[in-house]
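Take a look at the model below. The paragraphs after it lead you from the surfaces around the DNA to the pairing of the chains and then into one chain.

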Protein chains: 2
Amino acid sequence: MQNMGDDRVPALLRSQPSWLVTQLATQVTRLVGEAFDAAGFRRYHYALLAALDEFGPASQAALGRRCRIDRSYVVEAVGELEAAGLVLRAPDPADRRRNVVTLTGEGHIHLAAMTRTLDDVQDELTAPLPAAEREQFVHQLGRVLDHLREPRVTGKDPAIS
Amino acid sequence: MQNMGDDRVPALLRSQPSWLVTQLATQVTRLVGEAFDAAGFRRYHYALLAALDEFGPASQAALGRRCRIDRSYVVEAVGELEAAGLVLRAPDPADRRRNVVTLTGEGHIHLAAMTRTLDDVQDELTAPLPAAEREQFVHQLGRVLDHLREPRVTGKDPAIS
DNA sequence: CGGAGGTAGCTGCGCGAAGCAGCCACTTCC
DNA sequence: GGAAGTGGCTGCTTCGCGCAGCTACCTCCG
């Protein structure tokens, strides 16, 4: 068994942000998943609650846009949240296409509880980074993410400023 | 339509590395996937070729360990690489459980070509970061990833020496 | 020498996440 | 009032990841 050294990752992969990010994501998904499982939640549920808490009552379509969740999943997730008593879903009298989703008191409580649990996950995640770098790390992730989400610009962009 | 502002991500999510990483991963997967599709490859194929190039001929199990790929997928991927003439798969005379996978000349060429394509992806990915921060960013990703992969150590580990 | 336990290759299945297509109801714009 | 767009909903597909289980084979140890 020359098993030692057998698990060394090729330098070519280790040096690529794309590989690191996707690998990291599966670990993070696992970690977060465990935290949510313990609470009987899914990731999407938390995202929806967070959006409702920050922006107030909203239509399901708006929630999906804000949380980057497909409408089909919003339907299901809001239904589950409603069944759990964490949100209310009522038809919008002003626009009868819409349902207005509202955070309940209990929803607020669960959001806070889950946020605390998730904070622990974040600490675990950024543990190897010196405290001074963590904020920067988060900032960098955000910038990279924003950039990738921008509509692809194929031509030149010489005249930005 | 108060569609403007409708797509603002809740601050609670934006501030969590876990959310950022998973969101980023889906964008990266899409980006890398496009690059590989154009070449008729999958991500796994590239990882295997990279491992073979760096560490030389190896068994399929060793390849899986190095690239963090499940054995079941290694079987399939190596089969496809063999069919494409990029690797050779031969039984190991010294250990008849194993297949020894070897990179062919053509495999080497394709690896180099894909690496070039991927380099462009990395540039696109880290574009929003100042050049000085990119290396640090990669380094941080690596450290965080290593940390999450370590077997969960609940106690102390003082006597590694 | 022979059994126990571990490893390699392979097949198969399940899960989570993401995304698209199509339908109907309704609103808004022209 | 007709066309176009939006919101809610159902259904389906894809992809990446990971585990369970099987057989063949090697190695270790009594």
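Start at DNA strand D, where helix 5 of chain A gives the most to the nearby surface, with three residues. A residue is near a molecule or strand if its C-beta atom, placed from the backbone, lies within 6 Å of it. Helices (H or I, at least four residues) and strands (E, at least two) are DSSP runs, numbered from the N terminus. This is a predicted model: local features need pLDDT of at least 70, side-chain atom pairs count only at pLDDT 80 or more, and totals for chains, interfaces and linings use all residues. Residues are numbered from 1 along each chain as its sequence is written, while chains are lettered from A and ligands numbered from 1 in the order in which they are written.

Both chains reach DNA strand D. Helix 2 (17–39), helix 4 (60–67) and helix 5 (71–83) of chain A each supply at least two residues of this surface, and so does helix 2 (17–39) of chain B. Of the 21 residues around DNA strand D, the nearest are Ser59(A), Gln60(A), Ala61(A), Ser72(A) and Arg96(B). The surface divides into three nonpolar, nine polar and nine charged residues. Here Ala, Val, Leu, Ile, Met, Phe, Trp, Tyr, Cys and Pro count as nonpolar, Asp, Glu, Lys and Arg as charged, and the others, Gly among them, as polar.

Now turn to DNA strand C. It is surrounded by 21 residues, with Arg96(A), Gln60(B), Ala61(B), Ser72(B) and Arg97(B) the closest. Helix 5 of chain B gives the most here, with three residues. Three nonpolar, nine polar and nine charged residues make up the surface near DNA strand C.

How are the two protein chains related? A turn of 180° and a shift of 0.0 Å along the axis lay chain A on chain B with an RMSD of 0.1 Å. That is the relation of a two-fold axis. The copies are superposed by least squares on the C-alpha atoms of residues with pLDDT of at least 70 in both. In chain A, Ala25(A) comes closest to the rotation axis, at 3.0 Å (C-alpha).

The chains also touch. In all, 53 residues of chain A are in contact with 54 residues of chain B; contact means that the C-beta atoms, placed from the backbone, lie within 7 Å. Helix 2 of chain A brings the largest share of its side, 13 residues. That side of chain A divides into 29 nonpolar, 13 polar and eleven charged residues.

Finally, look inside chain B. Three strands form an open antiparallel sheet in the order 1-3-2. Its edge strands are strand 1 (58–59) and strand 2 (87–91), each pairing on one side only. Strands pair if DSSP finds at least two bridges between them. Strand 2 and strand 3 (residues 99–103) of chain B pair over five bridges. In strand 3, Leu103(B) is the bridge partner of Val87(B).

Helix 3 of chain B lies across these three strands, at about 85° to strand 3. Helix 3 (residues 43–55) also packs with helix 5 (residues 71–83) of chain B at about 80°, their axes 10 Å apart. Axes are lines fitted to C-alpha atoms, for helices over the stretch in contact, and angles run from 0 to 180 degrees between N-to-C directions. Helix 3 and helix 5 of chain B are therefore roughly perpendicular, a label for angles of 65 to 115 degrees.

How values were computed
Parallel < 35°, antiparallel > 145°, perpendicular 65-115°, else oblique. Contact = placed C-beta atoms within 7 Å.
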